[in-house]
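Please report on the model shown here. Start from one annotated position and work outward to the ligand shell and the overall fold.

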Amino acid sequence: MIGVLGAGAFGTALAIALARHGTPVALWARDPETVAAINHTHRAPRLPGATLPDTITASTDIARVARAETLLLATPMQSLHAVLSQVASPLTGQRVVACCKGIDVTDLTGPTGVIARAKPQAIAAILTGPSFADDIARGLPTALTLACADADAGWRLQRDLSTPTLRLYRSTDAIGAELGGALKNVIAIACGACIGIGLGDSARAALMTRGFAEMSRLATTLGARANTLAGLSGLGDLSLTCTSDLSRNYRFGLALGRGTTFDASLTVEGVKTAEAVTRLAARLGLDLPICRSVAEVSGGTVSVGDAITRLLNRPLKEE
Ligand SMILES: NC(=O)C1=CN([C@@H]2O[C@H](COP(=O)(O)OP(=O)(O)OC[C@H]3O[C@@H](n4cnc5c(N)ncnc54)[C@H](OP(=O)(O)O)[C@@H]3O)[C@@H](O)[C@H]2O)C=CC1
Ligand SMILES: O=C(CO)COP(=O)(O)O
């Protein structure tokens, strides 16, 4: 039995992939209507169109779901600490796998840092990489990074969570994996804004490349390995998110660039992460101009046009 906290698009898609492969899944949702829909109609409101195998059961009882030996955390990043605080158990020795992407604006750590703070006796891991929930739910091939500082636990998680179409690569660099996943969303907002305002594909390629340099600068300063950033969780997810209209972060950026409105009920992790990254960079004395621009434009203090002018007028540099 695997427990999944969060019956949003991603938690539900992972539950479907695992259940199809023969693993029973218990899903926790805070909303009783979501639970009823899953249990009675095998449909999840946040993943319309998908039919859930009947070995997926849903519950509003978080303590019950949290008894699973392996627990996937699939709520948005900024709610992670609050969700874990609702679990009374210390989760001693349980494998707790974050499936969210971002940096907590309060403590400026990624998901495994939040797990370590809330549940220090759990084994923390992260599952991240290029994957849209719809693709996973449809059984399309997907490759992700499973990173856990504990190599043995990471190996067992890789074995237990891989399926014929969900191919997991393991790593012990949890910091690198989670920072790649967090930061690519910020760069995707920048790329969306660039396309939305009409700067074209060449400018987007420049933003992706210089954005990758910022991702690497911050992550390696925090102890990540450079080759982790070059893998699925970094470059892989950056490529997907900065180029696909299916990405909410990219579409949010498009709306900023076009000056149109955006559905505030959608999960756009890059906004709060840009804020957290800007504070982290200031604390570390790092220059991350694209991330800072995204924070300012998303926060409404700078226009997209002014942010672009400022980026283009920076002193010329060596690459
Ligand atoms: N969707 C995707 O393709 C992918 C998403 N991810 C990551 O997965 C994470 C979740 O995203 P996704 O599933 O898409 O998001 P959704 O918006 O689809 O769902 C979010 C889920 O979290 C729940 N939730 C939101 N806030 C809270 C809270 N404060 N307490 C408890 N539950 C809460 C929501 O409950 P309710 O419905 O009641 O509001 C909902 O079930 C993100 O970090 C995202 O980056 C990673 C890879 C792919
Ligand atoms: O993380 C994702 C793809 O890997 C999903 O991207 P969005 O959250 O931008 O939709």
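## Asn249 and its contacts

Beyond its neighbours within four places in sequence, Asn249 is in contact with Asn185, Ala188, Ile189, Thr241, Val268, Glu269 and Gly270. The model is predicted. Asn249 sits in helix α12, which covers residues 248-258.

Is Asn249 buried or exposed? There are 27 other C-beta atoms within 10 Å of Asn249. A residue counts as buried at 20 or more, so Asn249 is buried.

## Lys101 and its contacts

Lys101 lies in a loop, between β5 (95-98) and α5 (111-118). Lys101 has 29 C-beta neighbours inside 10 Å, so it counts as buried.

Setting aside residues up to four places away in sequence, Lys101 touches Met77, Thr128, Gly181, Ala182, Asn185 and Glu269. Two of these names recur: Asn185 and Glu269 touch Lys101, and Asn185 and Glu269 are also in contact with Asn249.

## Annotated binding site

Which residues does UniProt list under "binding site"? The unreviewed entry gives Lys101, Gly129, Ser131, Lys184, Asp237, Ser247, Arg248 and Asn249. Both residues described above, Lys101 and Asn249, come from that record.

## The shell around ligand 1

Ligand 1 is surrounded by 27 residues. The closest are Gly8, Ala9, Phe10, Ser79 and Cys100. Two elements give two or more residues to this shell: α1 (9-20) and α4 (80-85). Helix α1 gives the most, with three residues.

How does the shell around ligand 1 divide by class? It has 13 nonpolar, nine polar and five charged residues.

## Packing of α5

Helix α5 follows the loop that holds Lys101. Its buried residues are Pro111, Thr112, Gly113, Val114 and Ile115.

What do the buried residues of α5 pack against? Their partners are α4, β5, β6 (123-128) and α8 (174-196). One of these, α4, also gives two or more residues to the shell around ligand 1.

## Two domains

The domain assignment gives domain 1 (2-172) and domain 2 (183-312). Their C-alpha centres lie 25 Å apart. Across the boundary, 18 residues of domain 1 are in contact with 19 residues of domain 2.

On the side of domain 1 that touches domain 2, the elements giving two or more residues are β7 (142-148) and β8 (166-171). Strand β7 gives the most to that side, with three residues. By class, the side has ten nonpolar, six polar and two charged residues.

## Overall fold

The protein has 15 helices and eight strands. Its radius of gyration is 19 Å, close to the 20 Å that the globule rule gives for 319 residues, so the protein is as compact as a globular protein of that length. Along the principal axes, its C-alpha atoms fill a box of roughly 55 × 35 × 35 Å.

How much of the protein is buried? Of its 319 residues, 53% count as buried. Contacts often span the sequence: among those between residues at least 6 apart, 69% join residues at least 24 apart.

Terms used
Residues numbered from 1 in each chain as written. Chains lettered and ligands numbered in written order. Predicted model: local features only at pLDDT ≥ 70, side-chain atom pairs only at ≥ 80, totals over all residues. Near = placed C-beta within 6 Å. Helix = DSSP H or I, 4+ residues; strand = E, 2+ residues; numbered from the N terminus. Nonpolar A, V, L, I, M, F, W, Y, C, P; charged D, E, K, R; others polar. UniProt positions renumbered as here; feature names shortened; annotations may be inferred. Buried ≥ 20, exposed ≤ 12 C-beta atoms within 10 Å, placed from the backbone. Contact = placed C-beta atoms within 7 Å. Rg over C-alpha atoms; globule rule 2.2 N^0.38 Å. Domains from an automatic or database assignment.
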